[in-house]
Each structure stands twice: as C-alpha cells, then as structure tokens.
Amino acid sequence: MSAQPLLSIRDLSVAFTQGGAESLAVDHVSFDIAKGETLALVGESGSGKSVSALSVLKLLPYPSASHPSGEIRFDGKDLMALGEKDLRRVRGNKITMIFQEPMTSLNPLHTIEQQIVEVLSLHQGMRDEQARARTLELLNEVGIREPEKRLGAYPHQLSGGQRQRVMIAMALANEPELLIADEPTTALDVTVQAQILELLARLKQKNGMSMLFITHDLGIVRKIADRVCVMTKGKIVETGPTKEIFDNPQHEYTRHLLAAEPKGKPPAPDPDARPVMIGEQVKVWFPIKQGFFRKVVDHVKAVDGIDVTVRAGQTLGVVGESGSGKTTLGLALARMISSKGEIRFDGRDIDKLSFNAMRPLRRELQIVFQDPYGSLSPRMSVAEIIEEGLRIHEPKLGADARDGRVVDALNEVGLDPATRFRYPHEFSGGQRQRIAIARAMVLNPKFVMLDEPTSALDMSVQAQVVDLLRGLQARHDLAYLFISHDLKVVRALANDVIVMRNGRIVEAGPADQIFGNPQTDYTRALISAAFRIETAPSGAVNE
Amino acid sequence: MSDVQLKAAVETQREEVGARPVKRPWLSPLNKRRWANFKANRRGYWSLWIFLALFVLTLFSEFIANDKPIIVSYKGEILFPVLVAYPEEKFGGFYAVTDYRDPVIRDEIEANGWMIWPPIRYSYRTVNNAVPEAAPSRPSWQYDVKTRCAQYPEGENDPDCIVGNWNWLGTDDQARDVLARVIYGFRVSVLFGLILTLGSAVIGVSAGAIQGYFGGWVDLLFQRFIEIWSAIPVLYLLLIVAAVLPPGFFILLGLMLLFSWVAFVGVVRAEFLRARNFEYVNAARALGVPNRTIIFRHLLPNAMVATLTFLPFILNGSISTLTSLDFLGFGLPPGSASLGELLKQGQRNLNAPWLGIAGFVTLSIMLSLLIFVGEATRDAFDPRKTFK
C-alpha cells in the first residue's frame, strides 16, 4: 500500500431536503482506498452506501441533495471544489461507474458500438477505425464472444450478463484508476454473477486499478474485497481487512449481518402426505406469429411438459436460471395463464375451469409475489389490502368480524395490528412482504405459490421471512410451491426440489439428494455459483 | 417467535388496539402531500379561491342582477318574485307576467308595502327603455346626472334615477345591461364547460378503461372506431343540426359531448395498458377479484391522476369552444346571455369599445384563472416535484 491513498474521503455527509425537512442519508463517513485495492462498502438497503459512492462523482440530485460537511480527495485533488467542467473530465475517465441494472443503464436506442465509441471519443478524442479497433479490443477483454458480430447489437438483443459486460467495457474504456461498482451483480443470476465477479477481479489485477465495490451480499465481499467498510444508518460502524471482519467481527451490526444467512431445516420429506397440487405434462407455449395473417410459425416453449406434485405440509422448490420457466410454471399451476396438460388441485381437475369458475377455488390457492413494492396497491391501506379477498370469498362477514380476521392475520405474520390503517409506503420491504403474506394467509389457503418472495429483500430480512413462512407452514399444514433462484433460501425451505432449464426439468428429487449429490453439470454449476461464487466450465450454464 | 410468545403478543396487541382505535385520516398521506404541493403554487391556490368565489357568486346571479325585486311586501303579504312568477293581477294589472320595473306597478307596491331590489336592477335580457343616448350607450358613470336621467319622465327627480338603475358597463346595441349579461354569461359558460367536461370525462374514462383493460380485439376495434369518429367535422355537423333542431343549451351540450369525450380516451387507455400488468393487479386477480372491481379499485385511481391533470385544460377548451360558436352565431339561441355574443357585438360596434373590452376582460380572467388552477393541479400530481 502506498503512502498516499488514491481516494480519501473525510467526514462526508449527505443530506436530502424534501418538503422543507432535511434528512441525513450519510453521516460523517470517512474511508480511504489505496492504489490497486478493492474496498467493499457493505450494508442493507437504506444504509447510505450507494449515496456515499454517488457523491464521489457528484452524481446526486443537487440541489435537493447537499453536503453539510466532508472532503473528497482523489489523487490529491479535492473533488468537492471542482467545477462541473473539471468534474466531467474526471467522470468516465479517471473514475468510472457500473450500475446495478444493466438494462436501464444502457441506452436502448444506440448500438453497443455507438455507446462505447462515445466514451472513447469524449475523453480520448478517438475516431473511426481507431475507436472501432479499441472497442473490439475492449469487448474481447470483457469476454464477449465474437465481438465483431456484436458491435451492431442493441442492448435488448443481449442477455443480462452480456449487458453488464458491455457496461464494464464502457467503464474500462479509458483505463480508469478507480472503478465504482454499485451492486453490479444484484440483478443477475447467480451463475452469471460468478462470471462477472471473476471478470472484475481479473481486470482489476490486469489494469492495476482500485475498486470501490458496493454490495449487500457478504458472500461476494468475502470473495472479492481486500478491505470492508460496514455501513448502517448512514454511518460506517466497522472497517478492516476482509478476513478480520469475517473471523472476528467487533461491532454488533456486523455480527448481525454475518448471522443473517437463512438457517433452519425444511420439513422432513413425507412421500405419503396428501397431494394438494398435481400437474401432469404441464405445457405453456407462447405462439410466435409472423406475416400479414399472423400465422403461427413456431412456439416459445416456456414450460414444456413438466410433472409436479406438491403435498400438504411440504415444500417443493423450483430452481433455475432466469428464463428457465420457473415463474411461468407457477402461474400455470395457479391458473393465472392458460396452459396445456392436466392440473389437479385438491382432487379436482382445474385445467379446464374458466376464470369465473376458478373464483371459489382462489381462496385456497394463493400467490405471494416477488416484489413487495409492486404487489401492494399504494392507494389502499393495509387493512383494505388484506380484507380484499375476504370481501369476495366471505361476503357475509360483518365489518367487525372482517376486522378481527385482519388483526389475526397481521398478528400471525408478526406485524402490529395497530398499523393496519397505514399505507404500504410507510413500511419497509420486509414488512411489506409480511403484509403480502398476510393477504394470502387471511383466506386460510391450502396451497401457496411463493414466487421469489425473498429475492427483493435484504439478507437479514430474508432469514426472518423464511422463518415466518416455515412457521406458517407447520401451523396450517400448507403446501408451498417455492420458486427461487437463490439456492440458500431454497435449501432452508424446500424438502423436494426440481431444477429447471429452458422449460424442462433437468433434475428432480429430495432436496438433500440434489444439494448433496447433484447429478448434472447444470445443477452442479448452480450450486457452486450460489454457495461458493465459483464459475462453471463453459457451456454448462447461460452467459 | 415461539407460539406461546406469539399468543402473548397477540393478546397485548388486541388490548392495545381495543384501547385506542386508530382513526383513519380524511386525506390519505399521498393526497395530503398533493394538497401541500398544490398550495405551494401560490398563484394557482389563489386562482382557485378567486374562481370559486366568482363561480358561487354568479350561481346566484338572479339575486345580483335581476329585473325583479328579491322580496316584496304587498298588503301585508311577503312575496318572492325572484323565485315565483306572480301574474300582474296580483298588483291590480292584467298581464300574465308582472313587470316590476313598470312605474305603475312600482308605485302600487310602494304605496302598499315595500320591496328589496338586487344591486343591479337588470336581468340579462331586460331592455333599458331609458338609455341616455341611442343604444349602445356608454357606462352610466360617464354621464352627469342630468343626461343619465334625461329619459325618465321626471328627469333628475324621477324615483328611477338611482344607482340601482345604472348600467355600470354600458348597454349593448339592444339596450341590455352589459354587466348583467357578463354575470349571467360567466355562469352559462362555466356551467356549460363543467357539464361538458364532466360528461366527457365519464364517457372518455369508461371507454379508455375498457379498451386499456381488455386490450386485444376490443382495443383494436374501438381505436379504429374512434379514428373514424374523430374524423367527422364537428362544425359542419353543428351547422346541419342547427338547421333541423332548435338551438339550445342542452342540444349544443349533447352535440359537443358526442365528440369531446375522445380527448380522454388516449391518456386513460395508456394508463390502463401500463397498469394492468402491475403486480398488485395480478395479486388482485389471484385473489379472485372480479374485473369490474379491479378496474374501479386498482386501476381507476392510477388513471385519475392523468385525467385530473387534464381536466382544467379541457374545461378551458370547452368554454372557448362555446364562446367561439356563439361568436359565429351557431351557439346558444339568440337572446341568451353569452360572452361570445358580447364579443360579436363588440366587433360590430367598434364605436362602443366597452362591449369588446367587457367581453375580453371577462373571458381572459376566467380562462387565466382556470389555467393557473390547472398548472397547480399538474404540480400537485407531479411525483418528482419538490418545493423548497
């Protein structure tokens, strides 16, 4: 480590003003990054880690954001004192950023080549042939195969991992001294995440740059970071070398984070339990239409002949990469989209029932959605959200009785019933997911489809929600169809697992067997990516 | 949490809830923030109050400008000529309708009781028989007492030579009081605009909602229908219909309504197309909520933001349309209080500038107030707007 750090932040505070009130998002934060070092900023959502990183390049929404105090020194220069023009010379040149969502951070109307060349011409004045050659070199470097063919591609023609690779290529175009990576892998599949992390580590090594890595995932930190800053509520509570932090955490919050991994065991497999939901040869094919008369020329086989059985009191986990058809399978079983093949629910054939004929069954067949921010209507109070189903399925229930049921449901998911007159935006992500679970539970269902219920939540909240779900299952003998790409959560919740790829089952069986002794390369790749963040040999998984 | 703990927690929470029932606030926090944003736009906020004051005042035009007294005490009987049409025989005459401005009737009532007049003793169609010079005559305050009352039988000493008989803004070319016509005209314009806007909103929002929610063929056919429908030239149609049907407030309203609802469809349809894939709409479907309820409870509030933002501007458009039709002579029947007609008179009588000025000032104040309110509404519903 050299004597003078590359980036040095002292006493940085960030305040946001809204409606006259000022709230402090970052509170007197200090840290240094040495040349060639990777510093990880770890914390849960709302801890101020992204805001700290964005203020390095002054990318916050000024003037509603302001810096009451602080100093940012980069390579000896005070970035706080620089004007907009000088700052632009630093942005994208000396310091570059990659963001979480590669789809929205690339311009959908420009080709890959145009976007990378723009960065090159802006800061280095490269033109035409020279810029094109450099673009190819960069794309090669970030591991995009056949870059010549990809130059003219638009962002939507690339997969999530490829888009993130393009983002990295843009960030590396000017050989920056510091790369700020803001949750660069959160939106990606675990397998792709492992590939991207490996790429970042390799490039950092090769170019000798420093990296500020922002994440909420401790597994990634352990893999990639030299030093760690743990942030909570706008403050850095602990700083130290990665190994030290993991082996000997000093602060209570760090220990809490480390202990946050989902634990516990799923219910014991019981092959004799009553089957609640049976699907046989379930197929969901979306037609591809072409020509003037919209003739069906082919199908996208989202789900292609899958057999599932979900038993009372048991959990069937469905895992696979994104696009493998997990959610489509769940929606087909819940009869939210049309499908072919036999679906039996509680002894009744439901695959031919119309939407209206399904209505009485809906109360026993509930869904909890992935995004707790999107799945609750922002204009309805919590009580209204939870009682909506009751109004339909038990119309004779009086107002008092209904309120009692709402209170019971909120108690059951561990929320204070006094909060039922508030609106969803007043709750945190975990609390919102509890509300969504209460909405399903108030109807006393037999079968619940859980569509990635934990993936939008912070690590420690995930564990709580998993515990809650397991408790509810034991108490009410519920059958769960648990859809997730997060194998850690699946291991804690599911006793049977099916592994899906491209609409087909790759492997199915008891969870212990799948996790302990995976039979296929694909499953092995998923497991090693999820638990050890390691990449698989090429070809086993998507890019 | 173990079961025992949970039970204990439930018990305590039940008690707490029972002890202090949480009352739901009248405005949701979101609407509170919107109202605060609306108020933060001072110009729009004051415009709203000024407009509401003017609107409520003109709703009671009959009590402000009328050729009938508000209350009459006649031979010990209290009468309300504003509300009830008394035949003249009640006061010893023989016409079917009483002309309270007639000196004979006036003297008869004054002799046997009293009457309270509105501040302006002209209705929008009352012809002033005592204009100081050939109509259109100037505003009364531009004459001295002698000229002003020259046409009354007893001149300056006539009991009719009082402020209540002034023509504050002069008279038009049929010797009708301009101020009275402006007051009534304001009311007619705003009411026409409001009814037309609300009517179009109801039809347009329903049509947009159905298209956006169901999509597919419904959407496709309806959209083509709207394209054809909106290609019909409204003005020609109005001309043709005016030749067949007698022109009137409601016929005009109905005709305009046939075409003006189209303005809302696009924005509501787009909002529904976007929102029908929201996860909470899917969640409601998964609960078995019927389509009707989903539309009203989950989707309509989303579309309302766009609709409400549009509303003041459409209202303005409706008022301008009515005025321009009146100006062209295809609007309200002759004799109605209408600002467009006033403008037309102003254009015909360039020697009487008070006509054009009165019409112009009234219209521009009304339309500006509404635009300011509209801007404030737009601010209020803008989620990214932050005020310091």
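**Exercise 1. What is the mean pLDDT of chain B, and what percentage of its residues reach 70 or more?**

*Solution.* Keep in mind that this is a predicted model.
- Start with the chain average: the mean pLDDT of chain B is 85, with 91% of residues reaching 70 or more.
- Next, go element by element. Helix α1 (residues 3–19) of chain B has the lowest mean pLDDT of the chain's elements, 44, and helix α3 (residues 42–59) of chain B has the highest, 94.
- Then look at the start of the chain: residues 1–22 of chain B have pLDDT below 50, and beyond near neighbours in sequence this stretch makes 13 contacts in the model.
- Now turn to chain A, where the mean pLDDT is 86 and 97% of residues reach 70 or more. Among the elements of chain A, helix α3 (residues 102–105) has the lowest mean, 76, while strand β19 (residues 479–483) has the highest, 93.
- Finish with the whole-model scores, which are ipTM 0.74 and pTM 0.75.

**Exercise 2. Take the UniProt transmembrane regions of chain B and compute the helix content of two of them.**

*Solution.*
- Collect the spans: the unreviewed UniProt entry lists residues 45–65, 190–214, 234–267, 305–332 and 352–374 of chain B as "transmembrane region".
- For residues 190–214 of chain B, you should get 100% helix and 0% strand, with 35 Å between the end C-alpha atoms.
- For residues 234–267 of chain B, the result is 85% helix and 0% strand, and the end C-alpha atoms are 22 Å apart.

**Exercise 3. Trace the 6-stranded open sheet of chain A.**

*Solution.*
- Write down the order, β7-β8-β9-β3-β10-β11, and note that the pairing is mixed.
- Find the edges: β7 (95–98) and β11 (235–241) of chain A each pair on one side only.
- Check the twist: ignoring direction, neighbouring strands of this sheet are turned by 15 degrees against each other on average.
- Zoom in on one pair. Strand β10 (residues 227–232) of chain A runs antiparallel to β11(A), with 6 bridges between them. Here A:Arg227 lies opposite A:Pro241.

**Exercise 4. Which residues touch the most other members of the largest nonpolar core?**

*Solution.*
- The core has 219 residues, and the answer is A:Ala169, A:Leu212, A:Leu481 and A:Phe482.
- Ask which element gives the largest share: helix α7 (residues 178–214) of chain B, with 15 residues.
- Finally, list partners of A:Leu481. Setting aside neighbours within four places in sequence, its contacts include A:Met277, A:Val310, A:Gly330 and A:Met449.

How values were computed: Residues are numbered from 1 along each chain as its sequence is written. Chains are lettered from A and ligands numbered from 1 in the order in which they are written. This is a predicted model: local features need pLDDT of at least 70, side-chain atom pairs count only at pLDDT 80 or more; totals for chains, interfaces and linings use all residues. UniProt positions are given in the numbering used here, feature names are shortened, and annotations may be inferred rather than shown by experiment. Helices (H or I, at least four residues) and strands (E, at least two) are DSSP runs, numbered from the N terminus. Two strands pair if DSSP finds at least two bridges between them. Axes are lines fitted to C-alpha atoms, for helices over the stretch in contact, and angles run from 0 to 180 degrees between N-to-C directions. pLDDT is the predictor's confidence in each residue, from 0 to 100. A nonpolar core is a set of buried Ala, Val, Leu, Ile, Met, Phe, Trp, Tyr and Cys residues joined through C-beta atoms within 7 Å. A residue is buried if 20 or more other C-beta atoms lie within 10 Å of its own, exposed if 12 or fewer, and partly exposed in between; C-beta atoms are placed from the backbone. Two residues are in contact if their C-beta atoms, placed from the backbone, lie within 7 Å.
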